[in-house]
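Reader: I've got a model open and a few questions about how it's put together. Could you walk me through some of it?

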Amino acid sequence: MKKKYILSTVIAGSFALSSMAQNTITGIIKNSLGEPVLGASVSTVGTNDKKVITDKEGTFTIEAEKGEYIVVNFADGLSKRVLVNSDVLNICLDELDIVLDNRTLPKSKREQTQAISTISGKDIETNSTIDVSNSLFGLIPGLTVKQNTGWTDGATLMVRGGGSLNGTEPLIIVDGVPRDLKYLNMLDIENISVLKDGAATALWGTRGANGVVIVTTKRGEYNKHNIDVQYTFGMGLPINQAEYVDGYTYAQMKNEALKYDGLDPEYDQVALDAFKNGTDRELYPNVDWQKEALRNHTINNQLNISFKGGGEKLRYYSVINYKNDYGLLDNSLAEYSDRYTAQMKKYYLNARMNLDIDITKYTLVSLNMYGELYESKRPRTSESDIFSALNHVPSAAFPVKTANGIWASNTRFKLNPIANIADVGYYKMNRRSLQSDLRIRQDLSMVTRGLSAEAGISYDNSAVFHEEGAKKAPYEIVSLNRDPVTGEYKKNYQIFDNDGAALSISTPGDLLQAQFIRTVINAKAMYDRAFGLHSVNGALMYSQEYAMSKGRNATYKRQSYILTAGYNYADKYLLDVVVNRSGTSVLSDGDKFRTYPAISAGWVLSNESFMKSPILNYLKLRASWGRAGLDNIGYDIDERFWVGTSGYLFRDTPQSMGGLIAGTLPVENLNIEIADKYNIGVDATLWNKLSISADAFMDFRKNTLISTDNLYSEVLGTKTSQMNIGEMKSRGAELAMTWKDKIGKDFNYYVGGTFSYIDTEIVENGEGFKPFDYLSKKGNRYGQLYGLEAIGYFNDEQDITGSPKQVFSEVRPGDIKYKDQNGDKIIDENDVVAIGYSSKIPGINYGISLGFEYKGFGIDMVFQGVGQYSRMLDTQSVYWPLRNGNSNLSKWYIEDKVRWTEETKETANVPRLTTLSNNNNFRSSTQWLVDGSFFKLRNLNIYYVLPQEWTKNMKINKCMIFARGNNLFSLDHIKYLNCEDLSLNYPDMMSLYFGVNVNF
């Protein structure tokens, strides 16, 4: 009896001590706007067995000890670790709590020691552009976004200039898997992060050297259910199109060019009068080809229906999206045949489903599924050929059709730009894509607190099919022949290719154009635990990737073993270490793995007692070093093969015989490109309104593979091998600032800006000996422009005779005169010098974003600009006219510039007109160099949210109507064409959108 009493006392005492140690903690969670957060999960760090969910007031109750940490997670996009120091906690989730899942343990901005810039999906959802890459202009410091004007092209992205001599594209990661941005729907994005320093990119080993862009899609929320519907109607308006002279002016200028070439005129006065008066448009036409072929706008539609929410166990985000875009071709041409349509069109239909299932308190299953059907149509003529013909064929070449109703042509330009669209057949491309990934996360706190494990597998499959209907339209040439008997001139009609009635459809065996398959398997064990003021974390990860494309040597395999460790003392001193052992299949057998280490540290000064201030809310210093690789090299370059040769001649009567020869020498000690990245940075928040992030960095590249295609060994008589000798340095600084505030009850506003400076230096490019120092590209920027220094124009033959000899082509008065850089009295390739800045990487990138909202009415604007950027005006027909007799003549040359003639030689700012190749004038030089800097309004969003008293009776949570515009204006130095893309392709477009968004 006594023993029972003692045992009961001990048990009771134990329960009493336990209950004394455990406190009931209550709290409320709000967002940065002070609104309660429903559906956030709260648990103690290291275990999920006490996880609770906040209610609609944002409140929660949890059992926890004082001195330990709890963690708040919201929709897997925000996370915050909070020290339990009282029985009541007030927690605010703000921008510093955005979480990045970078392969290992997810960490918020507060905990990051690496250089990572993150924007929310809300920052780009006000942009209705179809391609996600075209919504990122000016928003992220360190991310260069270059606009392309092609019909199907997205923007070109570079992180800190790329840093490589052998490709600058960053690695794109969507939900943890390498994927292309073109598959993303804008409204699906939760956040976008750009990994810039070595401590962040080391985790991606053989693929991280050029930076990494990580996109996280939206996920469901606890105890919520809502439906969001958005419809957008858009219009595209062509801008910056080149303008060309009319037929009469073309004929005049052609005669002038022939005169200065020392040749006879092509058009007599009768012809000139006919051009001017329009008396015979069949022989002397005046066709505005762009006006004939293009309409003045395009249209597109977008419909997005999403479902987001969940209960206690299951959370979901599901969406169906449809988009279309109808091109710029005139419908009368696109529908010319009753058998097919050749209008340029794009259709997208995609669906996404992201599920999170709490199987138990300790087991989470996440399933992502995405599927897309995509179709595009166009004439059988390629996009580049369509717009090349529209720009290069002069208005005076030939009419659209002859008097006989047959497509017109001539022997010089041949392709009729209109027939090239309307009567050549069609091309249709279909892409079918499926992306899926499954992850299982297991909390192993029952083994030891803080331990967890995760395993995942993803499978992506994309196939591209094409169908082609070929048709060859007949054309007719009209000429004026003189009757040898009567002396009268008569028209002669000659028909060619008169077999074009049939439409030939491509066979089924030709349909599969491309296919891509990717499988990724990964597994990791993670440990995350707090011991009072000391927090430790770490992860051990294995990853394997298999990627295969249609074609030879198009399969890549990669494997990684990653170890990470982190330490945090009192949220003041942060340290992270990475060791990544990664291999790639492109390296030599037995030598496929490299090690990529990294170390980074942070000091949160705002948590020091001596830094406490009502002004300073947050201040962190960061420093890092890390290494990453780049395996974008081909297969088998470390081996030598027998290759075919053109043959040799033998016997008395020479006979040709083919054969084999030893091919290019193999690369010895093959390696992949290595990047060592250094970074220091600071993050700060002041007055709870101003956020600042600044970084300074250096990137040292080595082992870049240098091509030697034009170098032969005189000893061996064969091509020399490529060499892993390329080196480059990049250095720069970045700054991002945002001020957000509220005036009164109803007026919210923000102003933000980003600024990036980048300076690149080529250290080694394998160029070999140069007779003059200025000829070497070493020490200059990547993408630096080179050319001759133009010093005027030759006035007469005496001027030519008394000047250094220019060897590129015969020189005549009115041609460009160049500076003799080395004093040898000869102007040749040895006089080429560095001119301007880089044409590939702007030295300065900046962006400005601002907006406000007052009682539901709001405006958002995004501006972007670049500086220290140069372009070469070398576009045929626009800036280089009439060349080789098969080019057009733009108004720029005639109206905006003063061309050299005998009468204008004192004021001319462009050389004489010429119909010859004229390699003297048409080459890179300061004559054609122009400042490429610009300032553009990239996005304007005007919206109105209807008052809730208008919508609540219809069970509508929010109803917004909006008008948006992209690419609305540009302040730049280039007349005609997009200053970022000077190619003659699909026109630059200004886009207008109108839409409505309803949330239930």
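Here are some questions and answers about sheets, cores, a buried serine and cysteines.

Author: Quick ground rules: this is a predicted model, where local features need pLDDT of at least 70, side-chain atom pairs count only at pLDDT 80 or more, and totals for chains, interfaces and linings use all residues. Residues are numbered from 1 along each chain as its sequence is written, and side-chain values use heavy atoms, with hydrogens and water left out.

Reader: In the open sheet of five strands, which strands stand at the edges?

Author: The order is E10-E15-E16-E13-E14, with mixed pairing. Strands here are DSSP runs (E, at least two residues), helices are runs of H or I (at least four), and both are numbered from the N terminus; two strands pair if DSSP finds at least two bridges between them. An edge strand has a single partner, so one side is left without a neighbour in the sheet, and that fits E10 (116-120) and E14 (177-178).

Reader: Which residue of E15 stands opposite Ile 116?

Author: E10 and E15 (residues 189-195) pair in the antiparallel sense over five bridges. Across from Ile 116 stands Leu 195.

Reader: Is Ser 877 buried or exposed?

Author: Ser 877 is in the loop between strand E50 (870-872) and helix H10 (891-896). Leaving aside neighbours within four places in sequence, its contacts (heavy atoms within 4.5 Å) include Tyr 244, Asn 391 and His 392. Buried means under 20% relative accessible area, exposed over 50%, and partly exposed in between (1.4 Å probe, protein chains only). At a relative accessible area of 0%, Ser 877 is buried.

Reader: Which helix gives the most to the largest nonpolar core?

Author: A nonpolar core is a set of buried Ala, Val, Leu, Ile, Met, Phe, Trp, Tyr and Cys residues joined through side-chain atoms within 4.5 Å. The largest one has 79 residues, and those with the most contacts inside it are Tyr 879, Leu 889 and Trp 928. With five residues, the top contributor among helices is H3 (residues 247-260).

Reader: How many residues of helix H7 are buried?

Author: Helix H7 spans residues 383-392 and is mostly covered. Its buried residues, including Phe 387 and Leu 390, pack against helix H5 (289-293), strand E21 (363-379) and helix H8 (419-422). Of its ten residues, the buried count is seven.

Reader: How many disulfides are there?

Author: A disulfide is a pair of cysteine sulfur atoms within 2.5 Å. Cys 92 is partly exposed at 31%, while Cys 979 is buried at 2%. The search of the whole structure finds zero.
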